[in-house]
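Please look over the fold described below. The report starts with the surface and ends with one helix pair.

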Amino acid sequence: MPEVRFLPLRPLALASLIANIALIVTGAAVRLTGSGLGCPTWPKCTDASYTTTAEMGVHGVIEFGNRMLTFVLGLLAVLCVLAALLEKPRRRSTVWLSIAVLAGIPGQGVVGGITVLTDLNPWVVGLHFLLSIALIALAYFLWKRTYEGDGKPVDLVPRPLRHLAAILTVASVAVIAMGVVVTGSGPHAGDEEAKRNGLDPAAVSQAHADVVFLLVGLTIALIFALRAVSAPRTAVRAAVLLLVIELAQGLIGFVQYFTHLPVILVGAHMLGAGLVWTGTLSVWWSLRRRPTLETATPTVTTDPAGAPQAEAGSPSPAPSSTAEPSSADSTGEPVPAQR
(Lines give C-alpha, C1' and ligand atoms only; values in the text may rest on other atoms or scores of the structure.)
Protein backbone atom coordinates (compact mmCIF):
# COMPACT_ATOMS: atom_id res chain seq x y z
CA MET A 1 0.00 0.00 0.00
CA PRO A 2 1.21 3.57 -0.61
CA GLU A 3 2.37 5.47 2.44
CA VAL A 4 -0.27 7.54 4.22
CA ARG A 5 1.01 10.88 5.48
CA PHE A 6 -0.34 12.73 8.48
CA LEU A 7 -0.82 15.96 6.51
CA PRO A 8 -0.19 18.56 9.25
CA LEU A 9 3.49 17.59 9.42
CA ARG A 10 4.32 19.26 6.11
CA PRO A 11 2.95 22.75 6.90
CA LEU A 12 4.27 22.51 10.46
CA ALA A 13 7.76 21.71 9.18
CA LEU A 14 7.56 24.64 6.76
CA ALA A 15 6.43 26.93 9.58
CA SER A 16 9.36 25.74 11.68
CA LEU A 17 11.77 26.52 8.83
CA ILE A 18 10.35 30.03 8.35
CA ALA A 19 10.44 30.70 12.10
CA ASN A 20 14.09 29.69 12.33
CA ILE A 21 14.95 32.06 9.49
CA ALA A 22 12.92 34.77 11.25
CA LEU A 23 15.02 34.21 14.39
CA ILE A 24 18.04 35.46 12.43
CA VAL A 25 16.19 38.66 11.57
CA THR A 26 14.98 39.30 15.13
CA GLY A 27 18.46 38.56 16.44
CA ALA A 28 19.82 41.12 14.00
CA ALA A 29 17.23 43.63 15.25
CA VAL A 30 18.45 43.08 18.81
CA ARG A 31 22.05 43.72 17.84
CA LEU A 32 21.41 46.61 15.45
CA THR A 33 19.25 48.53 17.93
CA GLY A 34 21.78 48.12 20.73
CA SER A 35 19.35 45.93 22.68
CA GLY A 36 21.67 43.00 23.28
CA LEU A 37 21.68 43.67 27.01
CA GLY A 38 18.10 44.94 27.13
CA CYS A 39 17.57 42.03 29.49
CA PRO A 40 20.90 42.17 31.36
CA THR A 41 20.78 38.66 32.79
CA TRP A 42 19.58 35.16 31.93
CA PRO A 43 17.35 33.16 32.25
CA LYS A 44 15.57 36.03 33.97
CA CYS A 45 15.23 39.37 32.22
CA THR A 46 16.21 41.19 35.41
CA ASP A 47 17.35 39.94 38.79
CA ALA A 48 13.77 40.11 40.04
CA SER A 49 11.67 39.38 36.93
CA TYR A 50 11.49 36.91 34.08
CA THR A 51 9.77 39.56 31.93
CA THR A 52 10.85 43.00 30.85
CA THR A 53 9.95 45.95 33.04
CA ALA A 54 9.17 49.59 32.32
CA GLU A 55 12.61 50.58 33.56
CA MET A 56 14.24 48.51 30.78
CA GLY A 57 12.60 50.67 28.11
CA VAL A 58 12.37 49.77 24.43
CA HIS A 59 15.64 47.81 24.52
CA GLY A 60 14.14 45.47 27.09
CA VAL A 61 11.05 44.97 24.94
CA ILE A 62 13.13 44.12 21.86
CA GLU A 63 15.40 41.66 23.68
CA PHE A 64 12.49 40.05 25.55
CA GLY A 65 10.53 39.71 22.31
CA ASN A 66 13.47 37.88 20.73
CA ARG A 67 13.57 35.52 23.70
CA MET A 68 9.85 34.84 23.33
CA LEU A 69 10.35 33.73 19.74
CA THR A 70 12.34 30.81 21.13
CA PHE A 71 9.13 29.52 22.74
CA VAL A 72 7.33 29.78 19.40
CA LEU A 73 10.11 27.72 17.81
CA GLY A 74 9.84 25.20 20.64
CA LEU A 75 6.06 24.89 20.25
CA LEU A 76 6.38 24.31 16.51
CA ALA A 77 9.09 21.72 17.10
CA VAL A 78 6.91 19.85 19.61
CA LEU A 79 4.00 19.84 17.18
CA CYS A 80 6.30 18.48 14.45
CA VAL A 81 7.38 15.63 16.71
CA LEU A 82 3.76 14.77 17.52
CA ALA A 83 2.77 14.92 13.86
CA ALA A 84 5.69 12.68 12.88
CA LEU A 85 4.76 10.15 15.56
CA LEU A 86 1.15 10.08 14.34
CA GLU A 87 2.01 9.37 10.71
CA LYS A 88 0.64 6.11 9.36
CA PRO A 89 2.93 4.33 8.84
CA ARG A 90 5.37 6.03 11.18
CA ARG A 91 8.54 7.10 9.39
CA ARG A 92 11.81 6.88 11.30
CA SER A 93 13.46 9.66 9.27
CA THR A 94 10.84 12.32 10.01
CA VAL A 95 10.59 11.29 13.66
CA TRP A 96 14.35 11.65 14.22
CA LEU A 97 14.61 14.86 12.23
CA SER A 98 11.77 16.45 14.19
CA ILE A 99 13.40 15.35 17.45
CA ALA A 100 16.72 16.86 16.30
CA VAL A 101 15.03 20.20 15.61
CA LEU A 102 13.35 20.10 19.01
CA ALA A 103 16.63 19.26 20.77
CA GLY A 104 18.33 22.21 19.10
CA ILE A 105 15.87 24.79 20.44
CA PRO A 106 16.91 24.68 24.13
CA GLY A 107 20.56 24.45 23.07
CA GLN A 108 20.10 27.62 21.07
CA GLY A 109 18.46 29.28 24.07
CA VAL A 110 21.34 28.33 26.36
CA VAL A 111 23.93 29.75 23.96
CA GLY A 112 21.83 32.90 23.73
CA GLY A 113 21.94 33.13 27.51
CA ILE A 114 25.72 32.71 27.49
CA THR A 115 26.01 35.63 25.07
CA VAL A 116 24.26 37.81 27.65
CA LEU A 117 26.28 36.48 30.59
CA THR A 118 29.54 37.13 28.67
CA ASP A 119 28.45 40.69 27.84
CA LEU A 120 27.98 39.90 24.14
CA ASN A 121 31.33 38.30 23.47
CA PRO A 122 31.54 38.47 19.64
CA TRP A 123 32.70 34.86 19.30
CA VAL A 124 29.80 33.56 21.38
CA VAL A 125 27.40 35.77 19.41
CA GLY A 126 28.82 34.21 16.25
CA LEU A 127 28.28 30.71 17.62
CA HIS A 128 24.69 31.69 18.40
CA PHE A 129 24.21 32.60 14.74
CA LEU A 130 25.85 29.43 13.43
CA LEU A 131 23.54 27.32 15.60
CA SER A 132 20.63 29.05 13.88
CA ILE A 133 22.14 28.03 10.53
CA ALA A 134 22.31 24.41 11.74
CA LEU A 135 18.68 24.52 12.88
CA ILE A 136 17.63 25.92 9.50
CA ALA A 137 19.30 22.93 7.84
CA LEU A 138 17.51 20.43 10.09
CA ALA A 139 14.15 22.15 9.61
CA TYR A 140 14.69 22.23 5.84
CA PHE A 141 15.55 18.52 5.75
CA LEU A 142 12.44 17.69 7.76
CA TRP A 143 10.24 19.73 5.43
CA LYS A 144 11.68 18.18 2.27
CA ARG A 145 11.44 14.63 3.64
CA THR A 146 7.65 15.03 3.80
CA TYR A 147 7.67 15.10 -0.01
CA GLU A 148 9.74 11.94 -0.39
CA GLY A 149 9.40 8.23 0.06
CA ASP A 150 11.70 5.97 2.04
CA GLY A 151 13.37 4.18 -0.85
CA LYS A 152 17.09 4.25 -1.53
CA PRO A 153 18.28 7.67 -2.78
CA VAL A 154 18.64 7.85 -6.56
CA ASP A 155 21.15 10.30 -8.07
CA LEU A 156 19.66 12.48 -10.82
CA VAL A 157 23.03 13.75 -12.08
CA PRO A 158 26.46 12.19 -12.64
CA ARG A 159 28.63 11.76 -9.57
CA PRO A 160 31.12 14.53 -10.51
CA LEU A 161 28.28 17.05 -10.34
CA ARG A 162 27.38 15.77 -6.87
CA HIS A 163 30.99 16.43 -5.89
CA LEU A 164 30.79 19.95 -7.35
CA ALA A 165 27.62 20.58 -5.36
CA ALA A 166 29.37 19.36 -2.21
CA ILE A 167 32.22 21.83 -2.79
CA LEU A 168 29.65 24.56 -3.37
CA THR A 169 27.98 23.70 -0.05
CA VAL A 170 31.32 23.92 1.78
CA ALA A 171 31.95 27.31 0.16
CA SER A 172 28.51 28.49 1.30
CA VAL A 173 29.34 27.51 4.87
CA ALA A 174 32.67 29.32 4.58
CA VAL A 175 30.91 32.48 3.36
CA ILE A 176 28.56 32.41 6.34
CA ALA A 177 31.39 31.74 8.80
CA MET A 178 33.48 34.59 7.36
CA GLY A 179 30.43 36.83 7.61
CA VAL A 180 30.28 36.05 11.32
CA VAL A 181 33.91 37.13 11.69
CA VAL A 182 33.22 40.35 9.77
CA THR A 183 30.23 41.06 12.01
CA GLY A 184 32.35 40.57 15.10
CA SER A 185 34.84 43.17 13.89
CA GLY A 186 32.24 45.78 12.92
CA PRO A 187 30.51 48.55 14.86
CA HIS A 188 27.13 46.89 15.55
CA ALA A 189 27.97 45.05 18.75
CA GLY A 190 24.51 45.00 20.32
CA ASP A 191 25.62 47.33 23.13
CA GLU A 192 27.84 50.39 23.26
CA GLU A 193 30.22 48.79 25.75
CA ALA A 194 30.42 45.35 24.13
CA LYS A 195 33.89 44.35 22.96
CA ARG A 196 34.75 43.45 19.35
CA ASN A 197 37.01 40.64 18.16
CA GLY A 198 39.90 43.01 17.46
CA LEU A 199 40.41 42.03 13.80
CA ASP A 200 40.86 44.60 11.05
CA PRO A 201 37.38 45.13 9.51
CA ALA A 202 38.80 45.98 6.06
CA ALA A 203 40.98 42.86 5.94
CA VAL A 204 38.30 40.40 7.06
CA SER A 205 35.74 42.06 4.77
CA GLN A 206 38.08 41.52 1.81
CA ALA A 207 38.57 37.87 2.78
CA HIS A 208 34.81 37.50 3.06
CA ALA A 209 34.33 39.03 -0.40
CA ASP A 210 36.92 36.66 -1.88
CA VAL A 211 35.01 33.62 -0.61
CA VAL A 212 31.78 35.11 -1.96
CA PHE A 213 33.37 35.38 -5.42
CA LEU A 214 34.37 31.72 -5.15
CA LEU A 215 30.80 30.74 -4.23
CA VAL A 216 29.33 32.69 -7.14
CA GLY A 217 31.84 31.12 -9.53
CA LEU A 218 31.02 27.61 -8.32
CA THR A 219 27.31 28.29 -8.71
CA ILE A 220 27.74 29.48 -12.29
CA ALA A 221 29.88 26.43 -13.06
CA LEU A 222 27.22 24.14 -11.61
CA ILE A 223 24.50 25.77 -13.71
CA PHE A 224 26.45 25.20 -16.94
CA ALA A 225 27.29 21.64 -15.90
CA LEU A 226 23.67 20.84 -15.10
CA ARG A 227 22.57 22.14 -18.50
CA ALA A 228 25.33 20.16 -20.23
CA VAL A 229 24.10 16.86 -18.83
CA SER A 230 20.39 17.69 -19.32
CA ALA A 231 19.74 17.59 -15.58
CA PRO A 232 16.14 17.83 -14.32
CA ARG A 233 14.61 21.29 -14.54
CA THR A 234 14.14 21.42 -10.79
CA ALA A 235 17.90 21.15 -10.29
CA VAL A 236 18.67 23.85 -12.86
CA ARG A 237 16.02 26.16 -11.38
CA ALA A 238 17.38 25.64 -7.87
CA ALA A 239 20.91 26.55 -9.00
CA VAL A 240 19.72 29.63 -10.94
CA LEU A 241 17.67 30.81 -7.95
CA LEU A 242 20.69 30.40 -5.71
CA LEU A 243 22.75 32.52 -8.10
CA VAL A 244 20.10 35.27 -8.05
CA ILE A 245 20.08 35.26 -4.24
CA GLU A 246 23.89 35.37 -4.14
CA LEU A 247 24.05 38.33 -6.51
CA ALA A 248 21.41 40.23 -4.55
CA GLN A 249 23.19 39.43 -1.31
CA GLY A 250 26.52 40.52 -2.76
CA LEU A 251 25.04 43.79 -3.95
CA ILE A 252 23.64 44.51 -0.49
CA GLY A 253 27.00 43.63 1.04
CA PHE A 254 28.95 46.02 -1.16
CA VAL A 255 26.46 48.86 -0.70
CA GLN A 256 26.37 48.47 3.07
CA TYR A 257 30.18 48.44 3.24
CA PHE A 258 30.62 51.63 1.21
CA THR A 259 27.75 53.40 3.01
CA HIS A 260 29.21 52.68 6.46
CA LEU A 261 26.85 49.86 7.48
CA PRO A 262 23.39 51.43 7.81
CA VAL A 263 21.23 49.26 10.08
CA ILE A 264 18.52 48.63 7.45
CA LEU A 265 21.00 47.19 4.96
CA VAL A 266 22.78 45.17 7.63
CA GLY A 267 19.46 43.65 8.67
CA ALA A 268 18.66 42.82 5.03
CA HIS A 269 22.11 41.25 4.70
CA MET A 270 21.43 39.04 7.72
CA LEU A 271 18.18 37.86 6.16
CA GLY A 272 20.09 37.26 2.92
CA ALA A 273 22.52 34.99 4.73
CA GLY A 274 19.64 32.75 5.77
CA LEU A 275 18.27 32.75 2.22
CA VAL A 276 21.66 31.92 0.68
CA TRP A 277 21.97 28.96 3.02
CA THR A 278 18.43 27.77 2.27
CA GLY A 279 19.09 28.13 -1.46
CA THR A 280 22.27 26.07 -1.08
CA LEU A 281 20.33 23.32 0.66
CA SER A 282 17.75 23.42 -2.13
CA VAL A 283 20.44 22.85 -4.76
CA TRP A 284 21.91 19.92 -2.86
CA TRP A 285 18.48 18.35 -2.34
CA SER A 286 17.47 18.72 -6.01
CA LEU A 287 20.24 16.44 -7.25
CA ARG A 288 18.68 13.23 -5.97
CA ARG A 289 15.32 11.75 -5.09
CA ARG A 290 13.89 9.04 -2.87
CA PRO A 291 11.13 6.89 -4.39
CA THR A 292 8.17 5.77 -2.35
CA LEU A 293 8.29 2.21 -1.09
CA GLU A 294 5.23 0.30 -2.23
CA THR A 295 4.23 -3.34 -1.92
CA ALA A 296 4.30 -5.00 -5.34
CA THR A 297 1.02 -6.60 -6.44
CA PRO A 298 1.08 -9.13 -9.33
CA THR A 299 -0.79 -8.17 -12.49
CA VAL A 300 -2.53 -11.05 -14.25
CA THR A 301 -3.13 -11.12 -17.99
CA THR A 302 -4.58 -13.80 -20.21
CA ASP A 303 -3.12 -15.56 -23.21
CA PRO A 304 -5.04 -15.80 -26.50
CA ALA A 305 -6.71 -18.99 -25.30
CA GLY A 306 -8.02 -17.24 -22.20
CA ALA A 307 -5.70 -18.91 -19.69
CA PRO A 308 -4.36 -16.63 -16.95
CA GLN A 309 -0.64 -15.74 -17.08
CA ALA A 310 1.42 -13.83 -14.50
CA GLU A 311 3.51 -10.95 -15.83
CA ALA A 312 7.28 -11.19 -15.69
CA GLY A 313 8.51 -10.41 -12.19
CA SER A 314 5.19 -11.40 -10.60
CA PRO A 315 4.94 -14.34 -8.23
CA SER A 316 4.18 -17.63 -10.00
CA PRO A 317 0.79 -19.14 -9.13
CA ALA A 318 0.98 -21.95 -6.62
CA PRO A 319 0.43 -25.46 -8.01
CA SER A 320 -3.04 -26.93 -7.58
CA SER A 321 -3.55 -29.18 -4.56
CA THR A 322 -5.71 -31.61 -6.59
CA ALA A 323 -4.60 -33.55 -9.67
CA GLU A 324 -6.76 -34.43 -12.66
CA PRO A 325 -7.98 -38.02 -12.36
CA SER A 326 -5.93 -40.47 -14.43
CA SER A 327 -7.41 -43.16 -16.65
CA ALA A 328 -7.41 -46.80 -15.40
CA ASP A 329 -7.64 -50.25 -17.02
CA SER A 330 -10.23 -52.92 -16.26
CA THR A 331 -8.26 -54.11 -13.23
CA GLY A 332 -8.42 -50.74 -11.65
CA GLU A 333 -4.64 -50.04 -12.02
CA PRO A 334 -3.69 -46.68 -13.40
CA VAL A 335 -2.60 -46.53 -16.99
CA PRO A 336 0.46 -44.34 -17.78
CA ALA A 337 -0.41 -41.21 -19.68
CA GLN A 338 0.37 -41.35 -23.38
CA ARG A 339 3.10 -39.00 -24.52
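How many Å² does the protein expose, and what share do carbon and sulfur atoms supply?

## Surface and burial

This is a predicted model. The exposed area of the protein comes to about 18900 Å². Carbon and sulfur atoms account for 68% of that area.

The protein has 339 residues. Of these, 41% count as buried.

## Overall fold

There are 8 helices and 4 strands in the protein. Along the sequence they run α-α-α-α-β-α-α-α-α-β-β-β.

Contacts in the protein often span long stretches of sequence. Take those between residues at least 6 apart: 74% of them join residues at least 24 apart.

## Helix 1 against helix 4

Helix 1 covers residues 9-32, and helix 4 covers residues 122-145. The two pack with their axes 9 Å apart. The angle between them is about 165°. Angles over 145 degrees count as roughly antiparallel, so helix 1 and helix 4 are roughly antiparallel to each other. Their crossing is left-handed.

## The contact between the two helices

Which residues of helix 1 meet helix 4? Helix 1 contributes R10, A13, L14, S16, L17, N20, I21, L23 and I24. On the other side, helix 4 brings F129, S132, I133, L135, I136, A139, Y140, L142 and W143.

Sorted by class, the contact of helix 1 with helix 4 holds 14 nonpolar residues, 3 polar and 1 charged.

Notes: Residues are numbered from 1 along each chain as its sequence is written. This is a predicted model: local features need pLDDT of at least 70, side-chain atom pairs count only at pLDDT 80 or more; totals for chains, interfaces and linings use all residues. Side-chain values use heavy atoms; hydrogens and water are left out. Axes are lines fitted to C-alpha atoms, for helices over the stretch in contact, and angles run from 0 to 180 degrees between N-to-C directions. Angles under 35 degrees count as roughly parallel, over 145 as roughly antiparallel, 65 to 115 as roughly perpendicular and the rest as oblique. A crossing is left-handed if the near helix is turned anticlockwise from the far one by less than a right angle, and right-handed if clockwise. Contact means heavy atoms within 4.5 Å. Ala, Val, Leu, Ile, Met, Phe, Trp, Tyr, Cys and Pro count as nonpolar, Asp, Glu, Lys and Arg as charged, and the others, Gly among them, as polar. Buried means under 20% relative accessible area, exposed over 50%, partly exposed in between (1.4 Å probe, protein chains only). Accessible areas come from the Shrake-Rupley method with a 1.4 Å probe; for residues, only the protein chains shown count as cover.
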